[in-house]
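Visitor: Please walk me through this model. I will ask short questions.

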Amino acid sequence: MKKIGIMTSGGDAPGMNAAIRAVARRAMSFGIEVYGINYGYAGLVAGDIFKMERSTVGDIINRGGTILYSARYPEFAQEEGQLKGIEQLKKFGIDALVVIGGDGSYHGALRLTEHGYNAVGLPGTIDNDIPYTDFTIGFDTAVNTVVESIDKIRDTAASHERTFVVEVMGRGAGDIALWAGVAGGADEIIVPEREFNVEQVAKNIQNLRARGKKHTIVVLAEGVMHADEFMNQLKQYGDFDARSTVLGHVQRGGSPSARDRVLASKMGAYAVDLLNEGKGGIAIGMEANELTYHNMTDLFSSKHKADLSLYDINKTLAK
Ligand code: ADP
């Protein structure tokens with residue numbers, strides 16, 4: 001293999017830059033030329049492609065976002081877009097591609113492999129919603145950002161004896177809520193993976209108040225409902241002086257945590273090794289602390305499982 005391409009696609013996540021750096025530098029260590037593709041599949045089709053040097057990826061390991069930018073480009077689901085992309089890859093003589101992104105980006109990578117261009121996927125998303133990996137690149141940083149925010153909300157909640165409903169990201173997955181909820185000492189964690197009953201939540205808050213704990217923190221996954229809606233439902237069962245906070249896109253930014261940088265570095269280097277062995281149509285994971293890979297088709301037929309033991313543990317810790 002002489003030339004390798006790299007792109008970031010879909011939602012950005014802290015640690016994507018560390019992954020770009022790892023892919024580029026590992027490939028260069030084998031004498032492979034590295035090409036950066038800007039704006040995901042949109043840039044691939046448009047030919048927004050440039051040769052990277054070791055220095056291109058200097059000073060980025062600590063930076064959030066992605067130096068290769070990201071874009072949504074639904075046209076890549078059509079064969080016409082895929083063939084245009086392949087034309088560009090041929091033009092630049094790129095033999096194989098590393099795609100850092102989520103499930104949607106993996107579909108694009110698989111299409112390329114089916115057309116004869118090996119592509120390997122790295123899980124880059126704060127949501128942690130990819131099967132066959134315990135953690136995705138960006139999740140740990142996002143959880144730390146949420147925990148920092150919960151700590152701050154706790155201060156004001158305690159001072160005013162209020163109930164706060166804190167909405168966190170995660171799309172359909174409750175991982176951020178579960179991890180940040182346990183780490184932030186939340187009184188209630190509400191996730192899409194578990195049934196809940198607002199009246200019961202209200203009763204729990206009342207019980208806490210009766211025992212002298214006058215402030216409450218409810219961590220709500222965005223996949224359940226909006227924080228305002230939850231708060232309004234809660235108000236029907238009592239006056240908790242409730243407030244809602246939507247943390248929003250701060251969760252996607254910031255300098256990646258050490259864990260995310262290490263995860264990205266390991267996965268990025270492994271992706272290059274696998275492409276060098278002629279593999280494609282696969283996605284990389286970290287399972288039980290071991291690097292693994294699986295066919296993308298296996299990922300599409302499986303569902304990510306959140307660690308619901310955290311939910312159960314929190315039920316006993318929040319009392
Ligand atoms: P994520 O990768 O975070 O899941 P998206 O679902 O938005 O984000 O997908 C990112 C990009 O991947 C899309 O904008 C599109 O260019 C490409 N993509 C998504 N689904 C497909 C598909 N079924 N076939 C080919 N390309 C796809």
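Guide: One term before we begin: helices (H or I, at least four residues) and strands (E, at least two) are DSSP runs, numbered from the N terminus. The model is predicted: local features need pLDDT of at least 70, side-chain atom pairs count only at pLDDT 80 or more, and totals for chains, interfaces and linings use all residues. Residues are numbered from 1 along each chain as its sequence is written.

Visitor: Where does Asn 128 lie?
Guide: Asn 128 is not a glycine, yet has a positive phi of about 60 degrees. Most residues other than glycine have a negative phi. Its place is the loop between strand E5 (118-123) and helix H5 (139-160).

Visitor: Is Asn 128 buried or exposed?
Guide: A residue is buried if 20 or more other C-beta atoms lie within 10 Å of its own, exposed if 12 or fewer, and partly exposed in between, with C-beta atoms placed from the backbone. Asn 128 has 28 other C-beta atoms within 10 Å, so Asn 128 is buried.

Visitor: And is Asn 289 buried or exposed?
Guide: Asn 289 sits in the loop between strand E10 (282-287) and strand E11 (290-295). Its phi is also positive, near 70 degrees. Asn 289 has 7 C-beta neighbours inside 10 Å, so it counts as exposed.

Visitor: How many residues does each domain give to the contact?
Guide: The domain assignment, automatic or from a database, gives domain 1 (3-138 + 256-301) and domain 2 (140-253). Their C-alpha centres lie 34 Å apart. Contact means that two C-beta atoms, placed from the backbone, lie within 7 Å. Domain 1 gives 17 residues and domain 2 gives 14.

Visitor: Which helix gives the most to the largest nonpolar core?
Guide: A nonpolar core is a set of buried Ala, Val, Leu, Ile, Met, Phe, Trp, Tyr and Cys residues joined through C-beta atoms within 7 Å. The largest has 97 residues, and Ala 19, Val 166 and Leu 220 have the most contacts inside it. Eight of the core residues come from the top contributor, helix H1 (residues 16-29).

Visitor: Where does this core lie with respect to the domains?
Guide: Both domain 1 (3-138 + 256-301) and domain 2 (140-253) give residues to this core. It therefore lies between them.

Visitor: Which helix supplies the largest share of the shell around the ligand?
Guide: A residue is near the ligand if its C-beta atom, placed from the backbone, lies within 6 Å of it. Of the 19 residues around the ligand, Gly 10, Gly 102, Gly 104, Ser 105 and Gly 108 come nearest. Helix H2 (40-46) and helix H4 (103-114) each supply at least two shell residues. The largest share, six residues, comes from H4.

Visitor: How many residues of helix H6 are buried?
Guide: H6 (residues 175-183) has nine residues and is largely enclosed by the rest of the structure. Its buried residues, Trp 179 among them, pack against H5, strand E6 (163-168), strand E7 (188-190), strand E8 (216-221) and helix H11 (309-317). The buried count is eight.

Visitor: What is the radius of gyration of the protein?
Guide: The protein has eleven helices and eleven strands. The globule rule, 2.2 Å times the number of residues to the power 0.38, goes with a radius taken over C-alpha atoms. For 319 residues the rule gives 20 Å, and the protein comes close to that, so it is as compact as a globular protein of that length. Its radius of gyration is 22 Å.
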